[in-house]
Amino acid sequence: MFAAFLTGIRQLEIRETPEPDLAGPRDVLLRVGAVGVCGSDVHYYTTGRIGSQAVTYPERVGHECAGTVVAMGHAVRGLRPGQRVAVDPLIACGECDQCRLGRRHTCRNQSFLGSPGQAPGALAEVLVIPAECCYPIPDSMSMVEAAMVEPFSIGLYAQRLAGGAPGAKLAIFGAGPIGLSVLLACRSAGECTTYVTDLVDERLEVARLCGAAWAASPRVVDIVAAITELEPLGVDFVFECAGKQETLDQAVEILRPGGMVLVVGIPEVDRVSFPIHTLRRKELTIRNVRRQDGCTAASIDLIANGAARVDQLVTHHFPLARTQEAFDLVAGYRDGVVKAMIRPGESEIEPLGSLSHRRAGMTQ
Ligand SMILES: [Zn+2]
Ligand SMILES: [Zn+2]
């Protein structure tokens, strides 16, 4: 089979590699249908590391995936060959203190698909994973929507951590796939007023499509002044999805006393700072968000019933052979890209579909 391998900084090759075997009785062999390109994949591609997690070349990446069951071990229940599934890329040990506390996402012995040295990435034609990672999807759901389940589940998890009351006022800083997933999750949870910012105009446009009440670029607008004018008492929650010191500072400024900032974005730096006296006087809560926990099934339901239109986030499609083009596109924030999808099962895909093309129905 063919799979994508990182082979150096900004180097990616499609190589032939032996098809994996079912290793254990609870394993499932999937034919991969779609894989979303995540910011973290691109980070490994451009810098070779995220924090202390460093790539040893060659390395396979990719974790936002969906596929069709081809074969399975004898102990697998509830799946059948031909079944289409969304994948939760986390493999937890089930035995450590965190797993016992019901916190599988912070499992001390976890492996995550496509994380260096943990489990092979999903950017391949075939993947073997534990059955517990496979969530059946309804016939009505496309492979691409199913591959959006993982990033959307992070937005849903962040929304649930905030636990916003009806009518909540909230800001989302960073309108990439995760910020927009937060937006869709909050909109699906009930009435709320949402303020969204991003540097990329096309992303603001998608945010408006997804129901943002207000969307603006910090290049054009003084974000703190503009939101404070509209919400003089401050907002209830800020979802920081940009991973920048600047957006953390804005969050502290625009939150009402007793408000909460949810840190969803992954900063490129190792340390950030907060103005402690403002935090203290306003008694703000800083809530860190590590991927997601237990939101996969609910995400499938919200996408399947149309409450969360994740298809609005998918702007580009590529065959596996053109994975590097997709990574370069995402790394450069070019052509209005929000989510680029790799389609390992298909070779004949229109590679570039800009927002305008997509609206005109010219891409799949
Ligand atoms: Zn991801
Ligand atoms: Zn564990």
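## Close-up views of a predicted model

**View 1. Thr-247 sits in helix α8 and is buried.** Thr-247 has a relative accessible area of 9%, so it counts as buried (under 20% relative accessible area; over 50% is exposed and in between is partly exposed, using a 1.4 Å probe and protein chains only). Its home is helix α8; helices (H or I, at least four residues) and strands (E, at least two) are DSSP runs numbered from the N terminus. Leaving aside neighbours within four places in sequence, Thr-247 is in contact with Phe-173, Glu-240 and Ala-242, where contact means heavy atoms within 4.5 Å.

A word on the source: this is a predicted model, in which local features need pLDDT of at least 70 and side-chain atom pairs count only at pLDDT 80 or more, while totals for chains, interfaces and linings use all residues. Residues are numbered from 1 along each chain as its sequence is written, chains are lettered from A and ligands numbered from 1 in the order in which they are written, and side-chain values use heavy atoms, with hydrogens and water left out.

**View 2. Helix α8 packs against several elements, helix α7 among them.** Thr-247 has buried company in α8: Leu-248, Gln-250, Ala-251, Val-252 and Ile-254 are buried as well. The buried residues of α8 pack against β12 (168-173), α7, β15 (235-240), β16 (255-263) and α9 (276-282). The axes of α7 (residues 223-230) and α8 (residues 245-254) come within 10 Å and cross at roughly 25°; axes are lines fitted to C-alpha atoms, for helices over the stretch in contact, and angles run from 0 to 180 degrees between N-to-C directions. The two helices α7 and α8 are therefore roughly parallel (under 35 degrees; over 145 is roughly antiparallel, 65 to 115 roughly perpendicular and the rest oblique). On the α7 side, the contact is made by Ile-223, Val-224, Ile-227 and Thr-228, and on the α8 side by Gln-250, Glu-253 and Ile-254.

**View 3. Helices α4 and α5 cross at roughly 55°.** The axes of α4 (residues 149-162) and α5 (residues 177-189) come within 7 Å. That angle makes α4 oblique to α5. Among the residues that meet here are Phe-152 and Leu-156 in α4, and Val-182 and Leu-184 in α5.

**View 4. The zinc ion (ligand 2) is held by four cysteines.** Its protein donors are the SG atoms of Cys-93, Cys-96, Cys-99 and Cys-107, lying 2.3 to 2.4 Å from the ion. Donors are N, O and S atoms within 2.8 Å of the metal (3.2 Å for Na, K and Ca); water is not among the atoms, so sites may look incomplete. The 4 donor atoms subtend angles of 103 to 118°, which makes the arrangement tetrahedral (four donors with all angles between 85 and 135 degrees). In sequence, the donor residues follow the spacing C-x2-C-x2-C-x7-C. Cys-96 and Cys-107 are both buried.

**View 5. The zinc ion (ligand 1) has a mixed set of donors: Cys, His and Glu.** Cys-38 (SG), His-63 (NE2) and Glu-64 (OE) lie 2.1 to 2.4 Å from this ion. Their spacing in sequence is C-x24-H-E. Both His-63 and Glu-64 are buried.

**View 6. Tyr-135 lies in strand β11 (residues 134-136).** With a relative accessible area of 25%, Tyr-135 is partly exposed. Not counting residues up to four places away in sequence, Tyr-135 touches Arg-84, Val-85, Ala-86, Asp-88, Thr-296, Ala-297 and Ile-300.

Key
Tetrahedral: all angles 85-135°; square planar, octahedral: opposite > 155°, others 65-115°.
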